[in-house]
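Trainee: I'd like to go through the labels on this one and ask where each comes from.
Mentor: Sure, let's pull it up and take the labels one by one.

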Amino acid sequence: MMTRRMLGQTLVAGAAAALLPAVASARDLPRARNVVLVHGLFADGSCWSEVIPRLQATGLNVTSVQNPLTTFEEAVASAQRVLSRQEGPTVLVGHSFSGMIVTEAGVDPKVSALVYVAARAPDAGEDYTALAKTYPTPPASAGILFDGDEGRLSEAAFLKDFAGDLPADRAKVLFAVQQPFHKALLTGRTTQAAWRSKPSFYAVSTEDRTINPDLERFMAKRMNARIVELKASHLSLISHAQDIADLILEAAGQPRARR
């Protein structure tokens, strides 16, 4: 049964989508030369290690940003510095929290397309936390531990709610390199929404326990994105690396890699 909240959000998403460009096919997009990848909370740049070689094998220039996870402004600046070094059309890709960075920094003229991987995708000035609260709270939220101003995910929550479809030994390696985030990071808001003017692509994780999958679907539909749904945990970029690489290649106007 559709609730009043669900109906209202569906109407909002439909109205927003009507104002956006139609979903672009690979033939319509400029052929990108570069891909810039941005990681979110509880991770570092190495979380893209399964995707990077798949993209490099096609000849793309790939850079994984080391997000400082301090303030939103500093996180955006770190992505902008990497974008400034790119030559030619560039696909900007964000996982999880870094969807906010993609939304803000993606207005750069070099950015030809945006890819969101189980990611936040707020509108300009939108309170993402308030939006997320209109959906059931995902289990991972209860596993966040703070040490002063620094937040981390507990090992139990990391293994079950963040990396739930990865082998335990692989998930423990990722837990070992988890980077703390600062509380100030969560207070930032986007001032612009690149997805309103750039072709956008979204990979929904249907088994996500870190961001509610229905919230992911709402954000993806609202931006009129090309959507793929993967039966994956929040870390689809590792458990379904080829699918994520294929979506990025599509956004780059290039054929998918051979499996």
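**Labels and the values behind them**

Mentor: Let's start with the rings: Phe42, Phe146, Phe158, Phe162, Phe175 and Phe181 are linked by ring pairs into a cluster. Keep in mind that this is a predicted model.

Trainee: How many aromatic pairs does the structure hold?
Mentor: There are six aromatic pairs.

Trainee: Why is the pair of Phe146 and Phe181 called edge-to-face?
Mentor: The ring centres of Phe146 and Phe181 are 5.8 Å apart, and a pair needs centres within 6.5 Å. The planes of Phe146 and Phe181 sit at 80°, and edge-to-face means over 60 degrees, so the label fits. The pair also links distant parts of the chain, as Phe146 is in strand β5 and Phe181 in strand β7 (residues 181-182), 35 residues apart.

Trainee: Is Phe146 buried, partly exposed or exposed, and how do you know?
Mentor: Phe146 has a relative accessible area of 43%. Buried is under 20% and exposed is over 50%, so Phe146 counts as partly exposed. Phe181 comes in at 1%, which is under 20%, so Phe181 is buried.

Trainee: What makes the pair of Phe158 and Phe162 tilted?
Mentor: The planes of Phe158 and Phe162 are 50° apart, with 4.9 Å centre to centre. Stacked takes under 30 degrees and edge-to-face over 60, so 50° leaves tilted. Both residues belong to helix α6 (residues 155-162), four residues apart, or about one turn of the helix. Phe158 and Phe162 are both buried, too.

Trainee: What lies over the face of Phe146?
Mentor: That's Lys183, at 4.9 Å from the ring centre. The distance cut-off is 6 Å, so 4.9 Å passes.

Trainee: And how do you know that β5 and β6 pair?
Mentor: Four bridges join β5 (residues 144-147) to β6 (residues 150-153). Pairing takes at least two bridges, so four will do. These two strands run antiparallel, and one bridge matches Asp147 with Glu150 in β6. The hairpin has two residues between the strands, and Gly148 takes a positive phi near 70° there.

Trainee: Where does Phe42 lie, and what is notable about its phi?
Mentor: Phe42 is in the loop between β1 and α2 (52-56). Its phi is positive, about 65°, although Phe42 is not a glycine. Most residues other than glycine have a negative phi. With a relative accessible area of 6%, Phe42 is buried. Asn224, in the loop between α8 and β9, also has a positive phi, about 60°, without being a glycine. Asn224 is partly exposed, at 22%.

Trainee: What makes β2 and β9 edge strands?
Mentor: The open sheet has six strands, in the order β2-β1-β3-β4-β8-β9, with parallel pairing. β2 (61-65) and β9 (226-230) each pair on one side only. Inside the sheet, five bridges join β1 (residues 34-38) to β3 (residues 90-95), including the one between Leu37 and Val93 in β3.

Trainee: Last one: why is Asp123 called buried?
Mentor: Asp123 has 18% relative accessibility, and the limit is under 20%, so Asp123 counts as buried. Asp123 sits in the loop between β4 (111-117) and α5 (128-132). Leaving aside residues up to four places away in sequence, Asp123 touches Thr190, Ala193, Trp195, Arg196 and Arg222.

Definitions and conventions
Residues are numbered from 1 along each chain as its sequence is written. This is a predicted model: local features need pLDDT of at least 70, side-chain atom pairs count only at pLDDT 80 or more; totals for chains, interfaces and linings use all residues. Side-chain values use heavy atoms; hydrogens and water are left out. Buried means under 20% relative accessible area, exposed over 50%, partly exposed in between (1.4 Å probe, protein chains only). Contact means heavy atoms within 4.5 Å. A charge sits over a ring if NZ of Lys or CZ of Arg is within 6 Å of the ring centre and within 35 degrees of the ring normal.
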